[in-house]
Amino acid sequence: MRRRVFRLSFFFLCLGAVVSGIAQEGHPLTGTWSGDWGPTAAQRTHVTIVMNWDGKNVTGTINPGPDSVPIGSVFIDVTNWTVRIEADAKDRSGNAIHISAEGQLEDIGSYHRKITGTWRQGTAKGDFRLTRD
Amino acid sequence: MKDSRLEILAVGLGILLTASMVLAQRPFSATYDSARQVKLEGPVTRIDWVNPYAYLFIDVRDAAGTTANWAVEFGNPLDLERDGWKRNSLHVGDVVTVEGVPARGESRQAFAKSVVLTGTGKRLFVPPAVRRTSAPAAPTPRWPDGRVRLGALPGKKGYWGAASVKALVENTGVKIPMNDDGLLLNISDADRVAPFLPWAKALYLHRQRTLLKDDPLSRCLPPGGPRQFHMPNGFRFIEQRELGRLLVLLGGGDRNWRIIYADGRPVGQAAEAVLSYYGTSVGRWDGDTLVVDSVGFNERFWLTSGGLPHTEALHLTERFSRPDFNTLKYEVTVDDPRTYTRAWTGGWTIQWVPDKDIEEYFCEDNAESTFIR
């Protein structure tokens with residue numbers, strides 16, 4: 001029985017991996033993006049961003065879950081595929097903190113397109129790299 | 001147990017490898033540089049007679065005496081066999097002269113315009129002078145109650161084949177020059193293709209400028225939306241009137257199928273549907289025209305060759321009519337307010353292929369692993 005469960009689990013894992021290779025060909029920002037940001041290569045903080053194009057605006061959430069942060073605004077310049085994401089969060093002490101991420105959308109034809117750029121969170125600043133899942 | 005896991009691991013890796021190998025069929029424009037010509041001569045070392053493209057490999061010696069192996073694409077095996085050619089029409093060791101279009105970049109690959117046996121001068125893999133003929137002119141076929149038949153007559157064969165145009169564009173009465181892949185000859189014509197929102201136009205232009213290299217069809221994904229009626233291997237209607245539905249059987253796209261419900265049910269809402277390549281379709285007859293509303297499309301396909309984008313908000317209204325026996329008129333209204341500034345309409349006609357069934361076609365890879373050298 002355990003073997004069967006294992007086989008089935010592995011099959012669906014493989015299937016999932018195959019299916020995840022299928023592109024999303026609509027608005028380039030729509031989807032789930034994951035990656036990290038930080039001031040140095042050693043100091044990184046994981047980030048997940050979910051975005052959706054509703055026909056007028058790109059809306060979304062940073063780190064969906066108990067500590068999620070609603071995205072305030074997303075600006076995309078389609079002439080050069082630059083992106084700016086703004087959000088207001090709270091730090092561990094409950095103080096308001098502003099998040100601003102400005103980056104370049106790369107390889108937009110690829111399923112695993114990327115956004116790289118500069119992440120500012122309060123007074124901290126670093127680079128970020130997000131890949132569409 | 002340990003061996004079993006290894007076995008499963010091997011199977012799993014096999015699935016992943018297979019999936020990655022499917023990523024190889026490119027639009028012609030993305031693969032070949034039509035602005036250049038190449039002439040090759042040498043002995044055949046291998047023949048790869050596999051859908052969707054047949055290849056022969058030849059050893060070509062250059063002026064310095066160095067021999068290099070070239071891969072030459074020369075057609076679709078189904079078409080070649082239909083024209084009377086077979087895998088053994090050419091043999092390993094035969095010396096051939098090939099004139100064709102070289103691939104972009106540095107790969108030793110070409111698309112053959114002609115293949116000639118050097119010793120005899122015999123031309124290979126050319127279509128016969130008279131290839132396929134349409135059925136004789138005849139009026140629109142009808143059911144006993146007078147309704148138009150979209151499929152074959154009882155006891156007869158036939159299917160809908162070639163479309164009159166290669167890509168969907170807004171029907172404004174002005175012809176927009178483009179090649180068979182849907183690549184605009186003049187990129188400034190983009191505004192005449194469809195009423196894009198800014199992001200959609202930018203994405204369309206990106207796809208055009210990158211020669212359609214990211215076309216999902218090149219990864220053997222289904223031709224969703226209107227593109228299903230552009231596929232070279234045609235399609236059939238199966239009208240199941242007693243069940244209140246029509247089936248569309250697609251020759252391209254790995255024998256996909258689609259159901260159009262015509263039993264009076266209401267048109268669904270996109271949010272209710274499980275998103276798919278062909279959407280959820282409801283049809284009704286308006287005189288001699290079948291009108292089909294479809295919603296529930298996923299975003300994993302391009303609406304047409306050339307790279308028109310869409311979103312999950314897409315609503316298609318298709319109108320099918322058969323003005324005579326040999327002609328299907330297809331008109332589609334694209335309504336996707338997240339992609340286009342307004343609804344717009346395009347269409348084309350499709351010719352009847354008489355007395356034949358759709359031939360089996362599966363999109364499969366026979367290129368990528370070959371050209372990694």
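Two strands are counted as paired when DSSP finds at least two bridges between them, and this criterion underlies the account of chain B that follows, which rests on a predicted model.

With that in mind, one may begin at strand β2 of chain B, residues 54-61, which is joined by 8 bridges to strand β3 of chain B, residues 67-75, the two running antiparallel. Within this pairing, F57(B) has A71(B) of β3(B) as its bridge partner. The strands β2(B) and β3(B) form a hairpin with 5 residues between them, and in this hairpin G65(B) adopts a positive phi near 90 degrees.

From β3(B) the path leads on to another partner, since 3 bridges connect β3(B) with strand β5 of chain B, residues 109-117, and here the strands run parallel. V72(B) is bridged in this case to A110(B), which belongs to β5(B). As a rule, the side chains of a regular strand alternate between the two faces of the sheet.

Stepping back to the whole chain, chain B contains 6 helices and 15 strands, and it is divided into domain 1, spanning 28-130, and domain 2, spanning 158-354. The C-alpha centres of domain 1 of chain B and domain 2 of chain B are 34 Å apart.

Two further figures describe how chain B is packed and connected. Of the 373 residues in chain B, 38% are buried, a residue being called buried if 20 or more other C-beta atoms lie within 10 Å of its own. Among the contacts in chain B with a separation of 6 or more, 59% are made by residues 24 or more positions apart.

Terms used:
Residues numbered from 1 in each chain as written. Chains lettered and ligands numbered in written order. Predicted model: local features only at pLDDT ≥ 70, side-chain atom pairs only at ≥ 80, totals over all residues. Helix = DSSP H or I, 4+ residues; strand = E, 2+ residues; numbered from the N terminus. Domains from an automatic or database assignment. Buried ≥ 20, exposed ≤ 12 C-beta atoms within 10 Å, placed from the backbone. Contact = placed C-beta atoms within 7 Å.
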